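Student: I have a chain here and would like to understand the reasoning behind its labels. Could you take me through it?

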Amino acid sequence: MRFGRSILASLWLASGAAGCSEEPPRFVATRDAGPEVMLSADVPPLDAGQAFDAGPAVDRPAVRTFRDFVLPGTVADAPMRFGGAESAEGEVPTLLYPEDRTIIPPNLPLFEVHFRPGAGNDLFEVSFAGDVTTVRYFTRCSRVADGCIVTLTGAQLADVAMASAGGSGVRIAVRGTASGQQGGAVRRSAARFLGITQSSLRGGVYWWATNGNILRYEFGREEARAEVFLRGDPAFNCVGCHSLSRDGRRITAGRGIPGPAVANITEVATRTNNGGAFGSNFGTYSPDNTRYLSSDGMRLTLLNADTAMPATGLAPNTAGTHPDWSPNGDRVVFARPQQTVPIAIGTPGHSGPTDLMMLPWDGSAFGQAQMFLPSTGDNQYYPSFSPNGQWVVFNRSGQNSNDAPDAALWVMRADGTGQPVRLAAADAQGGNSWPKWTPFIERYVGELDEPLMWVTFTSRRDYGLRLQQSTRPRENQRAQLWMAAFRPGVQGVDPSAPAFWVPFQNLNDGNHIAQWVEEVRRQECGDAGVCAAGETCIRGRCIGAPP
């Protein structure tokens, strides 16, 4: 008995955002090019109840399925136009973004693939191949600069994430051909690997934009989008440096010139201030929200977070800046320059050499500051505890901490053991500042089922085809928010992955200081009258205006 080559069912849809077209789906039978399977015809018939030895197990190739989608503006029979001879030479498409080995969460609101088309190609197949399922999008070139971009919606990215289920990710490749030639040459790009986590990104993020506002985004909310949280203006009342409690209940944001800035402790849901204003450029909340440790850029001050009044528990004139309280509340990490000029006003930045220090906290008072990571000449600053309290990410630079062009990302074990490690894959072009962790530990199936954490930071690097600025003067470069995976279980090598552009920010603004919270707190509303100015009551909760 001889079985010929198996036939697989491949579904392709002539649609826009998968399934949105009024045109009915089309089913196409696609022949598998797998090996032939030979079975013997001499097997005797079985008697009822007779045992049968099937012999040794035979490894057979996994059945591969394809999910094909034709994007708007593309000929409906695009999947049928890639039957020509394939080549990886000559004018092949070239992938530009994402970088190879990037890892992303499965619930981003959009995700883009950037590539250069290669001469003669005007019809493209962008494929995401998992271990069993391949998702393919057929498209014309959506031209940006000297290349093409395919933008996936959140729903389309979810399809790609499903293709990676059971594995660690998908392999991205682009095939191009000339649409006017049936059976013409097909040119394939080199593939890149895109890791996708098993767990979705959770919580919310607040950031400062150079238009003077603080904006936020809430993961998991239906129809989520960026929204204005605190409104200012870029000239006289700019809202800038800000810090939030880990549970998202409270925020401190400075307004005006950071010498120091005028700040308040504010309840996020109601926007009511606790007590009066005070001078602060940087700060951190205790995990129980009862204390706020503030810095004007030179000195630390401990405040009661309910009243914004000075609290006992910290020695007067304690030098330090950039504090961050550990998740379990037992200590604070901060930066302390080895040399300071004693001036009465605050400062938004400092130069090196700068040590990283630890302040132990016993629940009512801080102990003596302890050396965590001494400087050997570099400026070390913006330290931040990981969500499990086991790591501290920080910046290292040879220049002033205020927007240093050579700022690099480093990480150190919070118990002080081992040596600091540069997050080289995430660092890429350099000039990456204000690193902050997301509040939860996620899961990733890489070589092993392992924990994974996310680090966000501000960078002036290129973003594929959309933002090409590496050759511009620094003052003309726009800072954007980027995110990279951190794999704490990786031993002996860089634990970071290449970064991806955070998709809900405005590309035309400079965006800084992504501060994460476990939950976005909102005012509940029965009607729009109880919402703050500029907010709208939607499904019983107040939602901010678009930026």
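Tutor: Gladly; we will go through disulfides, burial, a sheet and a cavity, bearing in mind that this is a predicted model.

Student: How do you know that cysteine 141 and cysteine 148 form a disulfide?

Tutor: The cut-off is a pair of cysteine sulfur atoms within 2.5 Å. For cysteine 141 and cysteine 148 the S to S distance is 2.0 Å, so the pair counts as a disulfide.

Student: And what makes that disulfide left-handed or right-handed?

Tutor: Look at the torsion about the S-S bond: for cysteine 141 and cysteine 148 it is about -100°, so this disulfide is left-handed.

Student: Why is cysteine 148 called buried, and what is cysteine 141 called?

Tutor: Buried means under 20% relative accessible area, and partly exposed lies between that and 50%. Cysteine 148 has 1% relative accessibility, so it counts as buried. Cysteine 141, with a relative accessible area of 26%, is partly exposed.

Student: How many disulfides does the whole structure hold?

Tutor: The search finds 3. Another of them joins cysteine 525 and cysteine 537, with sulfur atoms 2.1 Å apart, which is within the 2.5 Å limit. Here the S-S angle is 95°, and the link is right-handed.

Student: Which parts of the chain does the pair of cysteine 525 and cysteine 537 tie together?

Tutor: Cysteine 525 sits in the loop between β41 and β42, and cysteine 537 is in strand β42 (536–538), so the disulfide ties together parts 12 residues apart in sequence. As for exposure, cysteine 525 has 10% relative accessibility and counts as buried, while cysteine 537, at 21%, is partly exposed.

Student: What about cysteine 531 and cysteine 542?

Tutor: They are joined by a disulfide too, S to S 2.1 Å. The torsion about their S-S bond is about -90°, so this disulfide is left-handed. Cysteine 531 lies in the loop between β41 and β42, and cysteine 542 lies in strand β43 (residues 541–543), 11 residues apart. Both cysteine 531 and cysteine 542 are buried.

Student: What is the pairing when the bonded cysteines are numbered in sequence order?

Tutor: The pairing reads 1-2, 3-5, 4-6.

Student: Now the sheet: why are β19 and β41 said to stand at the edges?

Tutor: The sheet is open, with 4 antiparallel strands in the order β19-β18-β17-β41. β19 (227–230) and β41 (511–517) each have a single partner strand, so one side of each is left without a neighbour in the sheet. On average, neighbouring strands are turned by 35° against each other, direction ignored.

Student: How do you know that β18 and β19 pair?

Tutor: Two strands pair if there are at least two bridges between them. Strand β18 (residues 214–218) and β19 have 3 bridges, in the antiparallel sense, so they pass that test. Arginine 216 stands opposite glutamate 227 in β19.

Student: Finally, how many cavities of 30 Å³ or more are there?

Tutor: The count is 1. The largest cavity has a volume of about 40 Å³. Its lining includes Leu409, Val455, Phe457 and Ser496. β38 (449–459) and β39 (480–486) are the elements that give two or more residues to this lining, and β39 gives the most, with 3 residues.

Student: What makes up that lining by class?

Tutor: The largest cavity is lined by 8 nonpolar residues, 1 polar residue and no charged ones.

How values were computed. Residues are numbered from 1 along each chain as its sequence is written. This is a predicted model: local features need pLDDT of at least 70, side-chain atom pairs count only at pLDDT 80 or more; totals for chains, interfaces and linings use all residues. Side-chain values use heavy atoms; hydrogens and water are left out. Axes are lines fitted to C-alpha atoms, for helices over the stretch in contact, and angles run from 0 to 180 degrees between N-to-C directions. Buried means under 20% relative accessible area, exposed over 50%, partly exposed in between (1.4 Å probe, protein chains only). On a 1 Å grid over the protein atoms alone, a cavity is a set of points where a 1.4 Å probe fits but cannot get out, and a pocket is an open set with protein on both sides within 12 Å along at least five of seven lines; lining residues have an atom within 4 Å of a point. Grid points are joined across faces, edges and corners, and a volume is the space filled by probe spheres set on the points. Ala, Val, Leu, Ile, Met, Phe, Trp, Tyr, Cys and Pro count as nonpolar, Asp, Glu, Lys and Arg as charged, and the others, Gly among them, as polar.
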